[in-house]
Amino acid sequence: MSALDVAALLVPGKRICLTTHVNPDGDGLGSEVGLVHLLRGLGADVAITNPTATPDRYDFLFADIPGVDRSAQAVKELRRADIVVVLDIADLSRLGILAETVRDCGVPVACIDHHVGPGVLPDGPRFVDPEAAATGELIALLAREAGWPITHQSARALYVALVTDTGGFRFSNTRPRTLRVAADLVEAGVDTEQVYLDVYANAPEGRPRLLAEVLQTLVVEPEFGLAWVTVPPGSLERHDVDPDDLDGAVEHARSIRGVRMALLFREVSGGRTKVSLRSVGDVDVAELARRFGGGGHRKAAGVAIAGPMPTVQAELLQAARELLGGVVVRA
Ligand code: 5GP
Ligand code: MN
């Protein structure tokens, strides 16, 4: 299945619902908003229906498309859709409370994604390429192939997707094609400094204060090339911030000389502990996350594991040490 199979479905006269993973990030949201502007340009009826709320950081993307985010009525909207487009994931399990509705919607479910692994979704065309740095990159390529005009607004949203999923074009997923797509978007009129200010320099005071607390918890095991940080219980509430404000915190652990795997632990609802995994070099954290029921990319993965922090942490750290090699000391 190719980009054009997906494009062929997205035509005026159909009710199109776009959705992405729980706790949406810059790529999920940028891809959605980019696609909204492209499809509106064609005259299509399109809404965004996500399983969890948009972090404040990305509100600016929605400012000029009022009413397009119908996540509050997501189940109802999805049931009325003629076509569902799942972005930045390829598996129902990442759709949270919307998983069953999408599974049972009975209409074509298209998918545009860049994760490894096939995933489970209802039937529909797929445009999936793990070589892409971001789903937003694939949407820009799809638009080009389909001959859809890239507007200034769609370019900005897709550029946000690229910037956030590549860590500002620093990560190894930044390939020549990524930069060529980014160049096209900048040529279409993206104000790169303004995007930086909107995404990274419009923080609540609590964000750096939370980061300071999280970094205090840093533990490094040089013998394994392992480093981790832990979000202190209650710290998000104390600083009046949300999980999105932790974006990038794990990079500080990864930045230490000799570290090959960095982890961030956080207690989440339902008695689970969320782990963000990052790696350097040839360490495959997606594989490690998959063993615990999660997934992601080779160098950036995540998982939510049932169990309290100390138990999950001990179990995951042990598995990480075994993967990294070195002398494994058992408790
Ligand atoms: P983060 O650590 O920033 O939440 O996520 C890093 C990457 O791991 C993302 O690209 C995302 O696709 C993946 N990921 C994060 N959490 C989960 C999860 O609970 N399950 C799966 N399958 N992937 C996840
Ligand atoms: Mn992505």
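**Entry 1: the manganese site**

I opened this predicted model at the manganese ion (ligand 2) and listed its donors: Asp-27 (OD), Asp-88 (OD), His-114 (NE2) and Asp-165 (OD), at 2.1 to 2.3 Å. Reading along the sequence, I noted the donor spacing as D-x60-D-x25-H-x50-D. Next I looked up where two of these donors sit: His-114 is in the loop between β4 and β5, while Asp-165 belongs to helix α7 (residues 152-165). They are 51 residues apart, a pair that links distant parts of the chain.

Is His-114 buried or exposed? I found a relative accessible area of 2%, so His-114 counts as buried. Asp-165 comes out at 17%, and because the cut-off for buried is under 20%, I file Asp-165 as buried too.

**Entry 2: strand β4**

From His-114 I stepped back to β4, which covers residues 109-113. How many of its residues are buried? I wrote down five of five. I then checked the two faces separately. Val-109, Cys-111 and Asp-113 lie on one side, Ala-110 and Ile-112 on the other, and both faces are covered.

**Entry 3: the neighbours of β4**

I went through the pairing on each strand in turn. Strand β3 (residues 83-87) runs parallel to β4, joined to it by four bridges. I picked out two facing pairs here: Val-84 stands opposite Val-109, and Leu-87 opposite Ile-112. Strand β5 (residues 126-128) also pairs with β4 in the parallel sense, over three bridges. In that pairing I see Asp-113 opposite Val-128.

**Entry 4: the whole sheet**

Zooming out, I traced an open sheet of five strands with parallel pairing, in the order β2-β1-β3-β4-β5. Which strands stand at the edges? I have β2 (45-48) and β5, each with a single partner strand, so one side of each has no neighbour in the sheet. I also noted the twist, which averages 20 degrees from one strand to the next.

**Entry 5: helices on the sheet**

Last, I looked at what packs on these strands. Helix α2 (residues 26-42) touches β1 (15-20), β2, β3 and β4. Its direction makes about 165 degrees with that of β1. Helix α6 (residues 135-146) lies across β3, β4 and β5. I have α6 running at about 115 degrees to β4.

**Back to the start**

I closed by returning to the metal: one of its donors, His-114, sits in the loop between β4 and β5, and β4 itself is mostly covered.

Terms used
Residues numbered from 1 in each chain as written. Chains lettered and ligands numbered in written order. Predicted model: local features only at pLDDT ≥ 70, side-chain atom pairs only at ≥ 80, totals over all residues. Heavy atoms only, no water. Buried < 20%, exposed > 50% of the residue type's maximum accessible area, 1.4 Å probe, protein only. Pairing = 2+ DSSP bridges. Donors = N, O, S within 2.8 Å, 3.2 Å for Na, K, Ca; no water. Axes fitted to C-alpha atoms, helices over the stretch in contact; angles between N-to-C directions. Contact = heavy atoms within 4.5 Å.
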